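Open the model in your viewer and keep the selection box at hand. Each stop below says what to select and what is there.

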Amino acid sequence: MELIKPGRQFDFMSKRWLFMGLSGVLLILSIISFIVPGPKLGTDFKGGTEVEVAFNSAVSSAEVRAAVTKSGFDSPDVVSVADQANPNRYLIRVHEVSALSEQQKATLRDRMCLPPENVPVPEDRCPPAVRATEVKFSPGGDKISARYDVAPDLEGIKKQLEGIEGVDLRPGANNPLVVSERDHKVELYLKSKGDQLMDGLRQHLGADKVPDQALRVEWIGPKAGAQLRDAAVKSILITIFFIMAYIAFRFDIRFAPGGILALVHDVGIALGAMVITQREITLSTVAALLTIVGYSITDTVVVYDRIRENLGKHRDMSFAAVINFSLSEMLGRTILVSTTTFLSLVMFFFYGTGVIRDFAFTLVVGIVVGTYSSIYVAAPLTEWIDRRFFGSNGAKRKKVSRVRAQKRADAVV
């Protein structure tokens with residue numbers, strides 16, 4: 001299938017400054033978007049709790065948001081999930097996590113009769129059966145492990161935790177639970193933020209509308225979120241560095257800056273599009289950005305390979321003319337590959353749900369700007385670098401062209 005007739009030439013380089021100026025404007029807008037309105041980070045990066053609920057009867061997102069707010073959660077994010085089997089399915093995100101604060105931990109230690117060193121234990125409220133000798137908290141903040149010198153009084157331990165703000169025991173006959181009779185070890189299971197959110201929904205919407213259990217409950221702490229965010233940025237930078245080294249080795253140093261600038265261009269504009277449309281930036285988004293990097297550099301390498309091939313074949317042509325000739329030869333292939341990929345992603349964007357739709361949106365933008373950057377960013381910059389820093393090569397090409405023209409003129413005479 002040939003979209004472009006063989007031999008047809010397009011003058012891409014004559015409009016290079018116009019399109020490079022357009023790219024500059026788009027990159028500036030992307031940078032500004034990180035200030036206003038600012039990125040909308042998902043729970044992967046900023047921490048929080050995510051609960052997916054399939055309600056038993058019809059309920060609006062405004063009602064769900066109001067119920068979550070009344071339950072003590074700040075600025076909840078409620079998103080309707082498209083599901084034909086259950087049209088009342090929602091994804092609820094809150095900033096709060098189950099991890100206990102240092103103040104809560106100190107209060108729990110005091111209530112469980114484990115004061116700081118050199119502080120006496122109040123004998124009136126701390127008989128041996130409820131006097132903990134060791135208290136440990138799980139990283140998730142939903143479990144407490146304690147040890148005692150004698151057989152523990154479970155009912156007394158349960159009463160010790162009553163009235164502590166933000167700390168509630170999970171209901172059940174086996175809570176607290178003795179896990180080691182020999183060591184007098186006890187485990188207490190606390191309500192997570194997901195449990196508290198579900199309780200709040202039942203209280204404000206009615207037990208008939210809210211199911212007994214959520215479909216999914218996930219959480220991540222702010223420290224882990226920061227580590228994931230830093231790791232995501234490092235992964236993108238390391239990928240770009242090794243790609244630059246590969247291009248420099250695969251071709252020569254003239255080609256590497258253009259390829260890297262094209263990658264930064266594609267990732268920057270794709271991220272800017274995510275921020276401007278206020279789509280959540282999550283680990284799935286990072287995966288999409290790395291996919292864009294791979295796709296963009298593949299397209300750029302194919303173009304570079306044809307340019308390098310034609311540089312050897314057409315020594316009488318200027319570098320800009322070789323680029324025009326090479327891009328014209330590759331235009332049909334580029335249109336077919338990009339259009340095929342684009343159409344498949346558009347289907348995911350329109351018919352996908354949740355994370356899949358955001359992933360597809362990022363890739364759709366990346367495919368468009370990646371194809372565009374191979375033509376109007378990578379190639380023109382390579383030509384400028386060759387002209388600016390490798391001027392001798394350009395002079396040699398012009399000299400070869402003049403010599404060949406003179407030989408053809410002498411042959412005619």
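## Stop 1: the open sheet

Select Ala132 first: Ala132 stands opposite Tyr148 in β6. Bear in mind throughout that this is a predicted model.

Now widen the selection to the strands β5 and β6, the latter being residues 143–148. They run antiparallel and are joined over five bridges. Strands of a sheet pair through backbone hydrogen bonds, so switch on the backbone atoms to follow the pairing.

Next, move across to β8, residues 185–189. β6 and β8 also pair in the antiparallel sense, over five bridges. Pick Lys143 as a marker here; it stands opposite Tyr189 in β8.

Go on to β7. Its pairing with β8 is antiparallel and has three bridges. The marker for this pair is Leu177, which sits opposite Glu187 in β8.

Show the four strands together. In which order do they lie in the sheet? The order is β5-β6-β8-β7, and the sheet is open, with antiparallel pairing. The edge strands are β5 (132–137) and β7 (177–180), each of which pairs on one side only. From one strand to the next, the twist averages 30 degrees.

Stay with β7 and β8 for a moment. They form a hairpin with four residues between the strands. Select His184 in this hairpin: its phi is positive, near 55 degrees.

## Stop 2: two cis peptide bonds

Select Asn175 and Pro176. A cis peptide bond joins them, with omega about 5 degrees. Pro176 is in the loop between α5 (154–160) and β7.

Then jump to Val36 and Pro37. The peptide bond from Val36 to Pro37 is cis too, and its omega is near 5 degrees. Look for Pro37 in the loop between α1 and β1 (40–41). Most peptide bonds are trans, which is why a cis bond deserves a stop.

## Stop 3: helix α1 and its crossing

Select helix α1, residues 16–33, and find Ser30 in it. Is Ser30 buried or exposed? Its relative accessibility is 7%, so Ser30 counts as buried. Setting aside neighbours within four places in sequence, Ser30 is in contact with Gly268, Ile269 and Gly272.

Now add helix α11, residues 355–389. The axes of α1 and α11 come within 10 Å and cross at roughly 115 degrees. The crossing is left-handed. On the α1 side, select Arg16, Trp17, Phe19, Met20, Leu22 and Ser23. On the α11 side, select Tyr372, Tyr376, Val377, Pro380, Glu383, Trp384 and Arg387. Colour this contact by residue type: nine residues are nonpolar, one is polar and three are charged.

## Stop 4: helix α6

Select residues 193–205, which make up helix α6. How far apart are its end C-alpha atoms? They are 18 Å apart. At 1.5 Å a residue, the 13 residues should span 18 Å, so the helix agrees with expectation.

Highlight the buried residues of α6: Lys193, Gly194, Gln196, Leu197, Met198, Gly200, Leu201 and Leu205. The buried residues of α6 pack against β2 (48–54), α3 (61–70), β4 (89–94) and β9 (216–220). Step past the end of α6 to Gly206, where phi is positive, near 105 degrees.

## Stop 5: a loop residue and its contacts

Select Asn56, in the loop between β2 and α3. Leaving aside neighbours within four places in sequence, Asn56 is in contact with Asp208, Lys209, Val210 and Pro211. Then draw a distance from Asn56 to Gly156. They are 100 residues apart in sequence, and their C-alpha atoms are 38 Å apart in space.

## Stop 6: two positive phi values

Most residues other than glycine have a negative phi. Two residues to check against that follow.

Select Cys113, in the loop between α4 (102–111) and β5. Its phi is positive, near 65 degrees. At 3% relative accessibility, Cys113 counts as buried.

Finish at Gln278, in the loop between α8 (256–276) and β10 (280–281). Gln278 is not a glycine, yet its phi is positive, about 55 degrees. With a relative accessibility of 33%, Gln278 counts as partly exposed.

Methods: Residues numbered from 1 in each chain as written. Predicted model: local features only at pLDDT ≥ 70, side-chain atom pairs only at ≥ 80, totals over all residues. Heavy atoms only, no water. Helix = DSSP H or I, 4+ residues; strand = E, 2+ residues; numbered from the N terminus. Expected span 1.5 Å × (residues − 1). Buried < 20%, exposed > 50% of the residue type's maximum accessible area, 1.4 Å probe, protein only. Contact = heavy atoms within 4.5 Å. Pairing = 2+ DSSP bridges. Axes fitted to C-alpha atoms, helices over the stretch in contact; angles between N-to-C directions. Left-handed = near helix turned anticlockwise from the far one by under 90°. Nonpolar A, V, L, I, M, F, W, Y, C, P; charged D, E, K, R; others polar.
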